[in-house]
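Got the viewer open? Let's take a short walk around the charged spots, one selection at a time.

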Amino acid sequence: MKDYVIRATAGDGQIRAFVATTKGMVEKARELHQTTKVATAALGRTLTATSMMGLMMKNDGDKLTVIIKGNGPIGNVLATSNSKGIVKGYVDNPNVVVPDYENGKLNVAAAVGTEGTVRVTKDLGLREPYNGSYPIVSGEIAQDLTYYFAVSEQTPSVVALGVLTKEEEVEYAGGFIIQLMPDAVEENIAKLEANVAKLDSITNMLKAGNTPEDILNIVLDGLNPQILDKCEVGFECECSKERVEGVLISLGKQQLSEIIEEDKQAEIGCQFCNTKYVFDEEQLNSILDKMNR
């Protein structure tokens, strides 16, 4: 099954919902970055949420970046999405290992840390991007983003995210974001709260064979959910040798000349997909010639 997100409304337009299945996206990230189980969970949850948040943007050129900077050994967890829910991301320390919770579940909070910030940047094509930075409240990511929506966007939200691995590979991944609109009436709020209170985990629901459509109906039972559209999503990096050449140009003529003289070549890696781009002496001289014209 391909990864996708469904967008929906419920409660006569008083509730909006995003429900995702993202196994392929998270598995591709795991393969590219060779993450441990807990790093896969932290990165996978963040990629899933960022994809759904990307779909909240209106214009084709809009971009959104989520950076979770905690005091745990994983370092930064970063994901970025376009308005179609296509994401890329990485963690500073993909080899992080921490003890699991006593019940055997992955302790993402221990890897991320329980102190630090969640930073959300929206590039909407304006002169300055929107930046919001808010404290980490748990390090488990879903709760941290719930707090972000409440404080930054004044939008009461329910965020659920999950990644389940078998051995090292991703078996199930997905999540949902349910949001109350300003005109939500108490009856609908109470019904949603009652539904959420009895929910199983997102990975258990996926493991039981539920599709995003099924999960939507479970979460919004009695609220008449209406699907608006279904969007294929995934992990894609748009890096290329031509784009990376721009990094070399940004170094300036003097520093590039020093690289040619001392190293005879340059190797630049993409943090998002781990692709390595090598420029030999002839290619570097060609770039320098362009800069001198």
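Bear in mind that this is a predicted model. Start by selecting glutamate 31, which sits in helix H1 (residues 23-33). Add Glu167, Glu168 and Glu169, and you'll see that together with Glu31 they gather in a patch of negative charge on the surface. Glu31 itself is partly exposed, because its relative accessibility is 45%.

Stay in helix H1 and pick glutamate 27 and arginine 30, which are three residues apart, about one turn of the helix. Their side chains meet in a salt bridge, 2.8 Å from N to O. Glutamate 27 is buried at 11% relative accessibility, and arginine 30 is buried with a relative accessible area of 11%.

Next, select arginine 45 and glutamate 140. Here's another salt bridge, with the closest N and O atoms 2.8 Å apart. It links distant parts of the chain: arginine 45 is in helix H2 (residues 37-54), while glutamate 140 is in the loop between strand E7 (130-135) and H4, 95 residues apart.

Now hop to aspartate 144 in helix H4 (residues 142-152). What is the nearest side chain of opposite charge to aspartate 144? That's arginine 45, 7.8 Å away, and aspartate 144 is buried yet has no salt bridge. Its side chain does reach the backbone nitrogen of isoleucine 141, at 2.9 Å.

For a change of scene, select Val137, Tyr147 and Val151: they make a nonpolar surface patch of about 220 Å².

Last stop: glutamate 238 and lysine 88, whose side chains meet in a salt bridge (3.0 Å, N to O). Glutamate 238 lies in a loop and lysine 88 in strand E5 (residues 86-91), so the pair ties together parts that are 150 residues apart in sequence.

Note on methods
Residues numbered from 1 in each chain as written. Predicted model: local features only at pLDDT ≥ 70, side-chain atom pairs only at ≥ 80, totals over all residues. Heavy atoms only, no water. Patch = residues over 30% accessible without salt bridge, like charges linked within 9 Å, V, L, I, M, F, W, Y side chains within 5 Å. Areas by Shrake-Rupley, 256 points an atom, 1.4 Å probe, with all protein chains shown as cover. Salt bridge = Lys/Arg side-chain N within 4 Å of Asp/Glu carboxyl O. Lys, Arg positive; Asp, Glu negative; His and termini not counted. Charge placed at Lys NZ, Arg CZ, Asp CG, Glu CD. Helix = DSSP H or I, 4+ residues; strand = E, 2+ residues; numbered from the N terminus. Buried < 20%, exposed > 50% of the residue type's maximum accessible area, 1.4 Å probe, protein only. Polar contact = N/O pair within 3.5 Å; in protein donor to acceptor, adjacent residues only side chain to side chain.
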